[in-house]
Amino acid sequence: TMVKVKLFVYYDEKYPTNWLSDKVAKQIVSFLEKRNFEVIDASNLKRVLTEYAGKPHSEEAVVVFARDVLPDLVLDNPANPTANSPLRRYLDAGHTIVWLGDIPLYYVGSGDGTKRSLPSNACQNVLGINPAQHLGSYHRVKLTPYGLMYGLPVWAGSRPHPPGATMVGVDILPLASSRHGNQVVYHGFVASYARSSFSGFIRIYDFVMDKPLAQEYLEALYTIAVMRSPIAYLFNKIRELSERLETKYNTLKSEVDSLAEYLKKTYGQSESKH
């Protein structure tokens, strides 16, 4: 059965952001809007998360966050949220969120534009993911085979998570890592809560975004949002490549054929003269 996928991008300038500047947010929104993403504000974000939390698996939703502060509307208790939040119930139902910028659930934002810090275990309580570390400096990430399969570009990040989810039923698939002493930490990952290892809470690009993103970063963001499996992405790439090769082959073949024809005529004629 074909799964219907509905694509959304969350952007609401009344609500705060942190590392993801307005300029970059608008760049992301206009890039995704041209590719069939519907722009939703905070109240529509709450509606989408709540609606899809109860939807059958034949309908799937993806929300890319173009703000890196969660609005209070999508948490069950904005001062100390739990896994009963609309955000987590939506993920448990098998849908996807793509998160960029600062640590998820580090802050909560209100409609008056203010933000406040959440308890340090909020990320663990809501998402079942170990709280992120503050490295204090940027570290160039190493892409895992999955990160490479998705065509992710390399970036330098500073807010990674230690490996391993701490909650039962949450699987972590690393996309980008760096090493600190003898510990490997994850700057990009897919935390999956339901059927597919490739849907769930996807985190990439843990750096301050105050300058426009290069095209390859936008393309990779789109790919990871819409491809439910890096294998599918690879197959698409291979198909594109083989189509290009086939075109080249046909062009070359017709050139070789006409050269052979020409040689046959010329060579044939000189033969017949003897």
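What is the handedness of the crossing of α1 and α6? The crossing is right-handed. The notes below concern a predicted model.

1. Overall content. The chain contains seven helices and 13 strands. It has 274 residues, and 47% of these count as buried. Where contacts join residues at least 6 apart in sequence, 72% of them link residues at least 24 apart.

2. Geometry of the helix pair. Helix α1 spans residues 22-33 and helix α6 spans residues 215-226. Their axes come within 11 Å of each other, with a crossing angle of roughly 55°. The pair is therefore classed as oblique, since the angle falls in neither the parallel, the antiparallel nor the perpendicular range.

3. Residues at the helix contact. From α1, the contact takes in Q27, I28, F31 and L32; from α6, the participants are Q215, L218, E219, L221 and Y222. By class, six of these residues are nonpolar, two are polar and one is charged.

4. The largest nonpolar core. This core holds 39 residues. Those touching the most other members are I28, V98, L152, W155, I204 and Y205. Two or more residues come from each of the strands β1 (4-10), β3 (59-65), β5 (96-100), β11 (171-180) and β13 (201-204), and likewise from helices α1 and α6. I28 thus appears twice in this note: as a member of the core and as part of the α1 side of the helix contact. In soluble globular proteins, nonpolar side chains tend to be buried together.

5. Surroundings of V98. With neighbours within four places in sequence set aside, V98 contacts V62, V63, V64 and F65. The remaining partners of V98 are I202, L221, I224 and A225. Of these, L221 also belongs to the α6 side of the contact with α1.

6. A separate core. Another core lies apart from the one described above and comprises 34 residues. Its members include A42, Y52, V74 and Y90.

7. Position of G188. Strand β12 (residues 183-192) contains G188. The relative accessibility of G188 is 0%, so this glycine counts as buried, the limit for that class being under 20%. Beyond residues up to four places away in sequence, G188 touches W155, P174, L175, A176, R203 and I204. Two of these partners, W155 and I204, are listed among the core residues that touch the most other members.

8. G188 and R159. These two residues are 29 apart in sequence. Their C-alpha atoms are 9.8 Å apart in space.

Methods. Residues are numbered from 1 along each chain as its sequence is written. This is a predicted model: local features need pLDDT of at least 70, side-chain atom pairs count only at pLDDT 80 or more; totals for chains, interfaces and linings use all residues. Side-chain values use heavy atoms; hydrogens and water are left out. Axes are lines fitted to C-alpha atoms, for helices over the stretch in contact, and angles run from 0 to 180 degrees between N-to-C directions. Helices (H or I, at least four residues) and strands (E, at least two) are DSSP runs, numbered from the N terminus. Angles under 35 degrees count as roughly parallel, over 145 as roughly antiparallel, 65 to 115 as roughly perpendicular and the rest as oblique. A crossing is left-handed if the near helix is turned anticlockwise from the far one by less than a right angle, and right-handed if clockwise. Contact means heavy atoms within 4.5 Å. Ala, Val, Leu, Ile, Met, Phe, Trp, Tyr, Cys and Pro count as nonpolar, Asp, Glu, Lys and Arg as charged, and the others, Gly among them, as polar. A nonpolar core is a set of buried Ala, Val, Leu, Ile, Met, Phe, Trp, Tyr and Cys residues joined through side-chain atoms within 4.5 Å. Buried means under 20% relative accessible area, exposed over 50%, partly exposed in between (1.4 Å probe, protein chains only).
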